[in-house]
Each structure stands twice: as structure tokens, then as C-alpha cells.
Amino acid sequence: MNAHPEIPRADHEVVVVGAGFGGIGAGIALQRRGIHDFVIVDKWDRVGGTWHANTYPGVAVDIPSFIYSFSYEQRGDWSRIFAPGDELRDYADSMVDKYGLRRKLLLGTTVTGAEYDEDGGLWRLRTDGGRTLTARFVVMAVGGLERPKMPDIPGLQDFGGALVHTALWDHDLALAGKRVAVIGTGATALQLVPAIAAEVDHLTVFQRTPIWVFPKTDAAVGPWGRAVLGNRLLRSGIRAVGTLATEIGMGGMVAGPAWLTETGRRLAEIPVRRWMRSQVRDPRVREQLIPRYGLGCKRPSMSNDYLATFNRPDVRLVTDAIERVDEHGVVTADGIRHDVDVIVCATGFKLWEKDSVPPFPVIGRDRVSLGDFWDTHRFQAYHGVSVPGFPNMFAITGPYGFVLGSYIWMIEATAAHLSRAIAETKRRGETVCEIRRSAHDEYFAACLRRQEKNFLFTPVCHGSNTYYINSHGDSPFRPSTHGEMYWQNRHYNLDDYRYSTPANTPRPDRILEESA
């Protein structure tokens, strides 16, 4: 019989919030550690996260597909080197089926809040349906590309035509024959603009900051390519080369010695600028599209047709600041109204704003809000996974967890980290696991020391308007190599965490005995 009827019993050992690649990777990592009592909750009706939510014309991965995939689930049947978004979504679906996660899914359910119960040593998660889920551990697998960011432009909501954000694409929206405005020239616009230019009557692109554009070595994967990628050894070799190139080009940019990264950056800029200029005929437009800040200060992207789209007579680039939007169109600082029928906001996501990731209140010990903690003390987390004062809570995409490159590498690393911590808690016969503040602070201090030599904080990046730097003046990306991220997340000192069981809660072995 149960000798402690008042003790709260968790619905699940683990609740994973998010069924994108982060949640799927966390589920697989938990199973590999022998943890099977978990549920994966997501607001969408299908898995895939970003690749289910973002369906705008031209959406595709901007890292080669053979790299943007799990190391333990490589595929050789991609249709292109840079796969379109629907193939990434289908890849996520196939992972769910192969690893038996379908029965773990709770889709169409939005988590609206999470609160830690100190007495019971568990988390209570509220959902939009009025249900409360309880769990010993919670994994925040909500990606950074979660909350669309509408531009702060006066009168935007007064526009009389159609208004849409790329992350909430309306497939009933007809663009044929319409005058369309695209606000933003980031990585999303690079894919969208060429995809719709031939369809619309006239396209006006409003640019605040130009973007570095590389040529995209994309191609359909034919029979020969499928044969190569279908061979496990050849595919692994190609992936290793691509991984090393990304490690040198992106990881080295933030973790390498200043003299080397500065020299490499300047040398790389020369051919890129030359190629960019070769794509645009009009000399005035050409120079407007060339960045004046250094390569790498903000996210670069790849496209073979974005720049050339501005050679079309029905496409116009506007670099004057937007003053306001009225019923008929966009009014710029020079007093010109650009009459349009549709406004498309390719303006990104709320990444480093308070209560954006995760997009609901999270309350830890002593009723401290995670959003308030980060807002007051700066974004920080031990290896991007754990925050002191928030026991049994782990993040997949926390601050100082992501090394620039493939998101999948970070997911594998942080999922391995959190599953190891949960498994160790169980092995020690405890129910609560919390990162020690000393270990957390040591890691954060090391990140800040490395950050001091980061070129993002030098004059070379002035005017870049980069989201790599947040409102605190920090760059919460992990200033290390991918190899270091891989190793440290799998081999951190287990005693960096404190393990315990609340005084009024029986240890796991006692729970089993008393339930017999």
C-alpha cells in the first residue's frame, strides 16, 4: 500500500516541450539512457518544428543536407544538396517512426506556463486546454525560431491590403499580378524574393542592412549522387570534410586567435565582394547591396539568384528608412509612398527578447521567473543546458550552448548532456538534479573571457544590426569549437550537479516498495 498518499506523483518522468529536431533528439537520447517514461508536447499538429511552421515559397536548408542531419541517422536520398523545407519535415517524421516516438507525442497542445513545486520536487506545466501535466524533469526543446518578430513600424496594422510574416505563411494568399513589398533582407528574404519575383506584378524590397551572399553550390541529387550518398562510408567521409570546413570557417571565426580570424576574414571578403558585384548590372543598386560591415558580423547566406533578381525591371530595391505604413502602402523617409497590395515581413524572430524562448513563463525556486533572471543577470546557462535555481529543468537551445554551424550538432550535444544528468540522478537514487552555481558561474565567466576577443565587438561590425549581439551587449553563442562542444557535453564532471530528494518525498526505491 502507499504510505504517503499526500505525496504528488508525476504524470511522467520527463516532459519534453517541442517536437522539432530538438525534442526528437532529446527523446532519442533519453531512450538510449534507459529513460522511457516521457511525453513530447507540441502546439503544432505535426512534428518538425521550424520545418513544419515555415512554409514560405523557396524555404530550404542553408547548410548541406548531409551535414544538417543527425550523425546517427544520415540519409542518402535527399533530392538536392540543400534540401527544401518539406523534406526536412519528412525527415523529422521518419525519425519519430524509426525510434518509436509516435506514441510519446502530445500534439496540438500549447504549454502556457511551467512552475517548479519545491515540496514535491516536480514541475507543473499548464496547457491551453486547461490541463496540467506534471513531471520530475522538464526539457525545453523550444527552438530559437519560435516567435515571429513583426517590424515596429507605425501604422503597420492600418494597411488595407494583405499583411503576412514569412513564418506564418498564408497559402491562400494569391500573389499573382499583385504589387508586393518585402520588408527585410536576411536569410529568409534571400530564399523568398527569387521564388516570387516572376509571379508578382511588381516587387519592392525594403533593405535596412545588406547581407553577405555566397554562391550556392546547390544541385539536384541524381542517380550518381544518390549512389555516393547511399554508401555509408562515402557519405560519412563527405560529411566529415563538410564538418571540418564548417568548423574552420564558422567555429574558428569565434574561437580562433584574433590575428588568424582577422586575416582570414579579410581574405575571404575579396572574392565574395567580387562575385556579388558581378551579379548586378546597375552600379547604384550593386553598391547598395554590398555590406560595409565585416564578413561574419551577422549571419551570411547563400543564393545563386537573389542578387540577380534585382536586374529585373519589375523589382526595385529601396534603402531609404521606412517612416510609416498607411492604408495604401509603405512611406519612406524621403516622403515617397510605395503603393502595394501585399506586405510580406521577412523580419525574423524574437530571439533574445524577454520571455521569448521559451515563449511562456517559467517559475523556478523561490518563485523566480526565468525571464526575469535572464533579464536581470544576462542570458546564461551551463553549457547552454542548465540554470541555477531551476532544478530538473534542461534546455536544448539555451544561451552559450550553440556553436555557429549546424543546429543538429548542438542538439546532439545538449541532448547527450541532459540525458546523462537525468540518468545520473536516477543512478544515485535521487529525484532532484540542479547545477551548482559555482560550476555554472565558472562556465559563464569562461565564455565572457573568450568573448572579449570576439571580433563582433570591434568597429568592423558597426552598422551590422546583428542579432548575434543581444540587448545586454553579449553574444550568447558558445565561443568554442564544435569538437569542444561535443566533448564537454558528454564528459562534464557529474558532480557539477547537486543531487537530492525533497524531505517529504520518498526516494525512488522507497516509492517502488511502498506501491507494492
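## Helix crossing and a parallel sheet

The crossing of helices α1 and α10 is right-handed, as seen in this predicted model. By class, the residues in the contact between α1 and α10 comprise 10 nonpolar and three polar ones, with no charged residue. The axes of the two helices, α1 spanning residues 21–32 and α10 spanning residues 407–427, come within 8 Å and cross at roughly 40 degrees. That angle makes α1 oblique to α10. On the α1 side the contact includes Phe 21, Gly 22 and Ala 29, while among the residues they meet in α10 are Ile 408, Ala 415 and Ile 422.

A second feature is an open sheet of five strands, ordered β7-β16-β8-β9-β12, in which the pairing is parallel. Because β7 and β12 stand at the edges with a single partner strand each, one side of each is left without a neighbour in the sheet. On average, and ignoring direction, neighbouring strands of this sheet are turned by 20 degrees against each other. Within the sheet, β8 and β9 run parallel and are joined by five bridges, and Val 180 has Leu 203 in β9 as its bridge partner. Helix α4 packs on the sheet, where it touches β8, β9, β12 and β16, and its direction makes about 170 degrees with that of β8.

| Strand | Residues |
|---|---|
| β7 | 162–165 |
| β8 | 179–183 |
| β9 | 202–206 |
| β12 | 315–318 |
| β16 | 342–345 |

According to an unreviewed UniProt entry, residues 13–227 carry the annotation "domain: FAD/NAD(P)-binding". In the model, this span is 21% helix and 23% strand, and its end C-alpha atoms lie 43 Å apart.

Conventions:
Residues are numbered from 1 along each chain as its sequence is written. This is a predicted model: local features need pLDDT of at least 70, side-chain atom pairs count only at pLDDT 80 or more; totals for chains, interfaces and linings use all residues. Side-chain values use heavy atoms; hydrogens and water are left out. Axes are lines fitted to C-alpha atoms, for helices over the stretch in contact, and angles run from 0 to 180 degrees between N-to-C directions. Helices (H or I, at least four residues) and strands (E, at least two) are DSSP runs, numbered from the N terminus. Angles under 35 degrees count as roughly parallel, over 145 as roughly antiparallel, 65 to 115 as roughly perpendicular and the rest as oblique. A crossing is left-handed if the near helix is turned anticlockwise from the far one by less than a right angle, and right-handed if clockwise. Contact means heavy atoms within 4.5 Å. Ala, Val, Leu, Ile, Met, Phe, Trp, Tyr, Cys and Pro count as nonpolar, Asp, Glu, Lys and Arg as charged, and the others, Gly among them, as polar. UniProt positions are given in the numbering used here, feature names are shortened, and annotations may be inferred rather than shown by experiment. Two strands pair if DSSP finds at least two bridges between them.
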